[in-house]
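Biologist: I'm new to this one. Please take me through it, one question at a time.

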Amino acid sequence: MENGACNNGSCNGNGVAARPHVAMLVTPGMGHLIPLAELAKRLARARHGGVTSTLITFASTASPTQREFLASLPSAIESVSLPPVDLSDLPSDAAIETRMSEECARSTPSLTALLSRLATTRRLVAFVADLFGADAFDAARDAGVARRCLFFPTNLHALTLLLHLPDLDATIPGEFRDLAEPVALPGCVPIPGKDILAPLQDKSKACYRWMVHHGEKYCDAETILVNSFDAVEPDAAAALRHPKPGRPPVFPIGPLIQTHEEDASVTTMPPSPRAACMDWLDRQPEKSVVFVSFGSGGALPTEHMRELALGLEMSGQRFLWVVRSPSDEDGEVNANYYDAETKKNPFGYLPEGFVERTKEVGLLVPSWAPQTKVLAHKATGGFLTHCGWNSVLESLVHGVPMVAWPLYAEQRQNAVMLTEGVGAAIRVPEAKGKEKIAVVVREVMVGEGRGAAVRDKVAELQKKALAGLRDGGAATSALDEVVAKWIGEEK
Ligand code: UDP
């Protein structure tokens, strides 16, 4: 962090910057950092009082991808990293959600000190934590920060589940996956037990207890901001808008996605593969390419990777595929979570002759592609996605219909919601055979039945998403209301 106290605005007489400032704790992962950075960019706009921000990250996530992303942010957004904490006592197979929650909880003393220091040089009006960071509200309280806010980077369905989790924990004795009926929560598409959030799938695991804890702790916030919008989950939005004692007010302020002005993806990959993606897309016909990507860290088991390759080939569609070495080689489906880099040469795991046979219709990119630019390109006509929420929002904002292939976290329940509720995607069946993959890809790209309906729905949602983000739109007005409280201009 820069030491100059007033570099972001004029100072008052005590050397404290006059512009309102917000501290945001970003739990590990690009999928958490990107939307929070986007929130910080929106707050910096004049209509929101020109609020400046400090993004607080963890030393454990100091990957080159993250460093370059942070360096690319506008000057109204600073960043600082919390010192490492010892996690060596955790079992080596501890879930990623456990690691993030422990890291956050154990960082409370250093976070308290950091926030206290920040308050001496900034007009610190609020502290924002994301979904695994609710323990940090204690640090904010200890440091005397006036307002505590939860930023929930995924959707209203997942938020509803977590807010109900303490009750579900008390009333459902067995495992979710053994439930005979789907879990039906207010305003939500019923979710079959096996598709419920991955860290809730084994109640004996520490990550389950952590999630219950977070669900309780969320009520310690004064406000909850959610990166979603009414049109995509209208009934859940209506249910959460209904006030409930003890539950903070919920504001859908999405879709916040990577914007192009300071497009992070421009800097988060070396120039040649980036240029290669865009040059290649420039040469493809309109809406002819299916983009295939499993988020910042997802990888497939070898068998699925091979079937996907053959399925893409059979589909007859053009494709741009972000390839990582298989998860059974790297350890886990989310083995790349912290750094996005493929661990081994991924091309060696593809079926023999595949690269040569498809070189006229397919482009393979290792590790990382400029996703928002790819989705915005006129040649892109479909997105085979792991259903990470940022990817879903980016797809909707750019009007790209989806093939759902969920892997971990809340992705399976996102896939249920998108396919059975919203109608913006078609899901690849559980048994990942090449023929079925080819059928679903073709349907979403050019199908006249379900495919056409999905394409129409996505076009409708695109219009509504963009309308909400305009001045006076639902998302912008919701953020106006929250910021007015922070900076004391409540009407
Ligand atoms: N992303 C990207 N290039 C890639 C893979 C991912 O720019 O090759 C970005 C993507 O645009 C999105 C984020 O990384 O903003 C991934 O977030 P998401 O919630 O979709 O999934 P997660 O990474 O959390 O699983």
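Biologist: Leaving aside its neighbours within four places in sequence, which residues is Lys 344 in contact with?

Modeller: First, this is a predicted model, where local features need pLDDT of at least 70 and side-chain atom pairs count only at pLDDT 80 or more, while totals for chains, interfaces and linings use all residues. Residue numbers start from 1 along each chain as its sequence is written. Contact here means that the C-beta atoms of two residues, placed from the backbone, lie within 7 Å. With neighbours within four places in sequence set aside, the contacts of Lys 344 are Ser 325 and Glu 329.

Biologist: Is Lys 344 buried or exposed?

Modeller: Look in the loop between α12 (327-330) and α13 (354-357); helices (H or I, at least four residues) and strands (E, at least two) are DSSP runs, numbered from the N terminus. The call rests on other C-beta atoms, placed from the backbone, within 10 Å of a residue's own: 20 or more is buried, 12 or fewer is exposed, and in between is partly exposed. Lys 344 has 12 of them within 10 Å, so the label is exposed.

Biologist: How far apart in space are Lys 344 and Pro 199?

Modeller: In sequence the two are 145 residues apart. Going from C-alpha to C-alpha, Lys 344 and Pro 199 are separated by 27 Å.

Biologist: What separates the centres of domain 1 and domain 2?

Modeller: The bounds come from an automatic or database domain assignment, which gives domain 1 (20-264 + 470-488) and domain 2 (276-466). Taken over C-alpha atoms, the separation of their centres is 26 Å.

Biologist: Which element gives the most to the side of domain 1 that touches domain 2?

Modeller: Across the boundary, 34 residues of domain 1 are in contact with 31 residues of domain 2. On the domain 1 side, two elements give two or more residues, α1 (30-43) and α6 (156-171). With four residues, the top contributor is α1.

Biologist: Where does the largest nonpolar core lie?

Modeller: A nonpolar core is a set of buried Ala, Val, Leu, Ile, Met, Phe, Trp, Tyr and Cys residues joined through C-beta atoms within 7 Å. This one has 147 residues, and those touching the most other members are Met 24, Ile 224, Leu 320, Val 403, Ala 404 and Leu 418. The largest share, eight residues, is from α1. Both domains give residues to this core, so its place is between domain 1 and domain 2.

Biologist: And the ligand: which element gives the largest share of the shell around it?

Modeller: Being near means having a C-beta atom, placed from the backbone, within 6 Å. Of the 21 residues around the ligand, Gly 31, Gly 295, Ser 296, Gly 388 and Ser 391 come nearest. Two or more shell residues come from each of α1, α14 (371-376) and α15 (389-397), and at least three from each of the two domains. The largest share, four residues, belongs to α15.

Biologist: How many residues of the shell around the ligand are polar?

Modeller: Ala, Val, Leu, Ile, Met, Phe, Trp, Tyr, Cys and Pro count as nonpolar, Asp, Glu, Lys and Arg as charged, and the others, Gly among them, as polar. The shell has six nonpolar residues and one charged residue, and its polar count is 14.

Biologist: How many of the 12 residues of helix α16 are buried?

Modeller: What covers the buried residues of α16 (411-422) includes α6, α15, β12 (402-404), β13 (425-427) and α18 (450-469). One of those buried residues is Leu 418, whose contacts beyond four places in sequence include Cys 387, Val 392 and Ala 425. The helix is largely enclosed by the rest of the structure, because its buried count is 10.

Biologist: Is Ala 409 buried or exposed?

Modeller: Ala 409 sits in the loop between β12 and α16. Its phi is positive, about 50°, although the residue is not a glycine. Within 10 Å there are 27 C-beta neighbours, so Ala 409 counts as buried.

Biologist: Which peptide bond is cis, with omega near 0°?

Modeller: Go to the loop between β7 (250-252) and α9 (264-267), where Pro 255 is found. The cis bond runs from Gly 254 to Pro 255.
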